[in-house]
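Q: I'm new to this structure and would love a close look at a single part of it. Could you pick one strand, walk me through its surroundings, and then show me how it compares with other parts?

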Amino acid sequence: MYAFFFKYFVYWPWFVGSILLCLMGTFIYLQYQTPMYNIQSAVLIKEQDQTQKGNNQALSAIQDLGMMTMTNNFDNELQILKSHTLVRKVVTDLGLYITHTEDRSWGYDIPLYRNEPVKIYMSPDEAELLESNIIIRMNYSSPKQIEAEVLYIHQGMEKSINQVFEQFPAVLPTEIGVITFEPDTTFHIKRPMKLTTHINNPNNSAASFRSNMRVEPISKTTTIAQINVVNTVRQRGIDFIYQLVKIYNQETNDEKNEVAQKTAEFIEERIAIIDKELGSTEDTLASFKQRSRLTDLQSDAQMALQETSRYEQQLTQNATQINLIQELSNYIHNPAYAEEVVPANVGIQDQSLAEVINQYNTLIVEKKRLLRTSSENNPAVVNLNSGIDAMRTTVQTTVNSVLRGLQIKEKNLEREARKHEGRISNAPNQEKEYLSIARQQEIKANLYTMLLQKREENAITLASTASNGRIIEIPMAGKAPISPKKKAYMMAAFIVGILIPVVFIYLKEKLQYQIENRNDVEKLTNIPILAELPKSNSSPSNKGSIVIHENKNNIMEEAFRTLRTNLLFMLEADKKVILITSSRPGEGKSFVSGNLAVSLAFLGKKVIIVGLDIRKSGLDRVFGFKSQLNGITNYLSNPEENKLSDLIISSGISPNLDILPRGIIPPNPTELIARPTLEKAIDELKKKYDIILLDTAPIAMVTDTSLISRVADIGLYICRSDYTPKAAFEYINTWKENSSLKLATVINSIDLSKRKNSIHLNYGYKYGYGHQYGYGYHDKGKGLH
């Protein structure tokens with residue numbers, strides 16, 4: 001955990017910079033976000049009264065039979081409240097498809113509502129034809145002059161109009177409609193303003209309002225709907241809710257009054273017809289009396305007339321009902337009224353027929369209600385059409401049945417009346433004619449009176465319709481905006497500011513194909529790491545690349561002392577030969593070999609370093625001697641003529657350190673090393689020296705080092721930070737599998753600036769540029785440190 005924290009902590013400037021940039025960027029972003037406010041209200045949706053519930057029995061019966069299924073009435077009302085048709089009417093009534101803003105150079109544009117200095121108008125019908133919204137930019141400094149630029153799209157082409165208005169109200173005719181401009185004379189301008197107006201398609205504006213509106217029940221046990229509207233202007237949202245409920249009530253009342261309106265039309269038509277017929281009958285009666293000079297009935301016919309009066313009255317009532325039923329039958333069979341409700345309250349005495357008509361009217365009203373929020377293809381509408389067709393057939397059958405019954409009753413009454421009329425057969429024919437005319441007059445007068453009464457009753461029904469929705473909580477806007485949520489944005493920016501460096505560092509590590517630090521080595525192999533050597537700041541010179549100095553405590557000296565300590569601890573007793581190699585040239589194996597040899601010499605050990613990188617020796621550059629010197633290759637090629645001790649030179653750094661150079665490059669280095677002469681040379685050196693360091697060639701490139709390893713006691717594998725490929729370094733595992741040699745590794749040239757001039761060395765203490773230092777090693781399961 002400590003290593004994980006430290007790995008990221010060393011990049012703390014990245015984290016600070018990333019967090020600051022993210023916070024600043026988010027702060028600027030929030031300045032350009034228009035605040036959004038939530039406006040909330042509650043509306044009580046009234047339940048159906050008992051009369052309407054009675055009329056809906058047919059609808060309930062159809063639902064019970066499985067012919068159609070519908071949600072309850074309250075759910076339907078919720079859908080109507082948020083329907084596109086209703087919202088669009090609100091948008092057009094309030095002119096919400098035209099929006100105004102004041103432009104600002106810093107921050108979001110201020111939305112204007114009811115306080116815009118210039119009123120702009122385009123009719124909703126023209127706005128519906130817009131291909132895209134119209135943008136009007138204005139420079140406003142005085143109510144006497146307006147500079148406007150109008151941008152719009154017509155037939156797929158962008159067009160613009162620049163106009164200066166000085167007389168108001170101003171009218172601007174365009175290819176897509178007429179736009180009017182009128183300054184608000186009550187607006188007090190304090191500074192020149194830049195204004196932008198958007199004229200949108202009302203359908204698009206309605207869709208936008210619907211997406212920012214929620215209508216949902218407060219609970220499952222009430223019929224109270226909660227309306228939430230999100231808008232950039234509080235007052236605009238409040239006005240929207242008020243107008244929404246108002247139009248909803250208007251629409252609902254229109255639906256409820258449809259049956260009464262159709263009944264009123266039917267009654268008016270019948271009154272006009274009966275009025276003419278009644279006037280004609282009265283004229284006929286007056287003419288008959290004048291012609292027949294009748295003033296009173298004969299006394300001997302009084303008793304007969306009394307006997308027949310009851311039947312005459314019944315015939316009159318029956319004839320009235322037959323007349324109504326015939327007119328109703330003509331109305332029902334008229335194709336023009338196939339989709340209309342049937343007049344119900346017209347004086348029909350047959351209760352079964354009146355009940356069937358009410359049921360049919362209920363289905364017609366319900367269908368029209370569904371069509372306001374759906375189409376003819378809606379399954380509920382299709383099922384309802386089936387119910388309407390069936391119910392219309394039932395109405396027609398019932399009308400015919402009632403009419404036949406009335407006609408039979410009329411014949412029976414006439415038969416009984418004729419029996420009593422026989423008693424007055426001696427009455428004058430004029431009296432019989434008079435009775436016939438008087439009866440027709442009475443029938444027409446009774447029918448006329450009844451229709452007048454029904455007209456008044458129907459008018460009362462129309463006037464007494466109540467609103468279906470009532471606002472019980474006035475629309476109120478919250479004091480604080482609900483969007484943007486600044487704290488959440490800033491917290492997210494802070495988190496993103498942390499995550500960006502983490503992701504970058506993680507990807508950097510994943511994409512790093514070279515060894516960078518100790519963690520990379522430990523992931524590739526379980527061979528112990530003896531030391532991590534810092535990058536040397538000194539450049540090679542003619543004097544070589546030795547950076548170890550006696551009695552100095554700089555970071556480089558301390559690093560090599562740690563390597564020396566761990567190496568000696570790992571080296572078993574009577575073991576002297578240390579082979580030093582790497583994966584590829586340039587990893588610093590000769591540099592490590594030379595400075596390790598110097599460090600061991602300063603410890604008092606008798607040390608010799610042998611240049612066995614025969615193909616490309618680096619010891620001459622490390623120690624600064626000529627590469628043409630004779631050396632080990634001369635001995636290996638001809639040991640009889642070349643004495644080994646004569647080839648050894650002093651290092652000039654410490655009396656305890658000698659060097660056996662490479663010598664002349666032979667044509668057959670591999671065969672030369674494979675000779676037994678190498679073992680003989682090493683055995684001879686063991687007699688004189690405590691430590692023998694073999695600087696060999698890169699083992700992954702040539703086989704020389706593998707052959708030399710037969711005379712070594714321990715192998716030291718060098719890798720270089722930010723240079724050695726991970727794939728090349730993995731050869732150390734292959735070497736371990738194919739060799740019994742004890743192996744260890746050293747990480748060379750670690751850039752301490754990447755760790756802020758302070759590196760937590762895993763060899764027991766913290767190195768720095770101060771004077772703190774120490775020696776030691778620890779066994780942590782990965783080897784000696």
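A: Happy to! Let's begin with a term we will need: two strands pair if DSSP finds at least two bridges between them. Keep in mind, too, that this is a predicted model.

Our chosen part is strand β1, which covers residues 37-45. On one hand, β1 pairs with strand β12 (residues 224-231) in the antiparallel sense, over eight bridges. You can find one contact of this pairing at L44, whose bridge partner in β12 is I224. On the other hand, β1 is joined to strand β13 (residues 469-477) by six bridges, and these two strands also run antiparallel. Here V43 is a good residue to look for, as its bridge partner in β13 is I471.

What about the surroundings of β1? A residue is called buried when its relative accessible area is under 20%. Seven of the nine residues of β1 are buried, so the strand is largely enclosed by the rest of the structure.

Now for some other parts to set beside it. An open sheet of six strands, with antiparallel pairing, has the order β3-β2-β10-β5-β6-β7. Its edge strands are β3 (110-112) and β7 (157-165), each of which pairs on one side only. From one strand to the next, the twist averages 20 degrees. Within this order, β2 (residues 98-102) and β10 (residues 193-199) are joined by five bridges, and H100 has T197 in β10 as its bridge partner.

A helix gives another view. Helix α15 takes in residues 486-511, 26 residues in all, and reaches 36 Å from its first C-alpha to its last, close to the 38 Å expected. In this helix A493, G497, P501 and I505 are buried. An α-helix has 3.6 residues a turn, so residues three or four places apart point the same way. L507 also has its place in α15, but this residue is partly exposed, with a relative accessible area of 42%. L507 helps to make a nonpolar surface patch of about 780 Å², together with M491, F494, I495, L499, V503, Y506 and L511.

One last stop is strand β21 (residues 742-750), where N748 is found. N748 counts as buried, at 5% relative accessibility. Along the sequence N748 and S536 are 212 residues apart, yet in space they are 9.5 Å apart, C-alpha to C-alpha.

To come back to where we started: β1 has antiparallel pairings with β12 and with β13, and seven of its nine residues are buried.

Terms used
Residues numbered from 1 in each chain as written. Predicted model: local features only at pLDDT ≥ 70, side-chain atom pairs only at ≥ 80, totals over all residues. Heavy atoms only, no water. Helix = DSSP H or I, 4+ residues; strand = E, 2+ residues; numbered from the N terminus. Expected span 1.5 Å × (residues − 1). Buried < 20%, exposed > 50% of the residue type's maximum accessible area, 1.4 Å probe, protein only. Axes fitted to C-alpha atoms, helices over the stretch in contact; angles between N-to-C directions. Patch = residues over 30% accessible without salt bridge, like charges linked within 9 Å, V, L, I, M, F, W, Y side chains within 5 Å. Areas by Shrake-Rupley, 256 points an atom, 1.4 Å probe, with all protein chains shown as cover. Salt bridge = Lys/Arg side-chain N within 4 Å of Asp/Glu carboxyl O.
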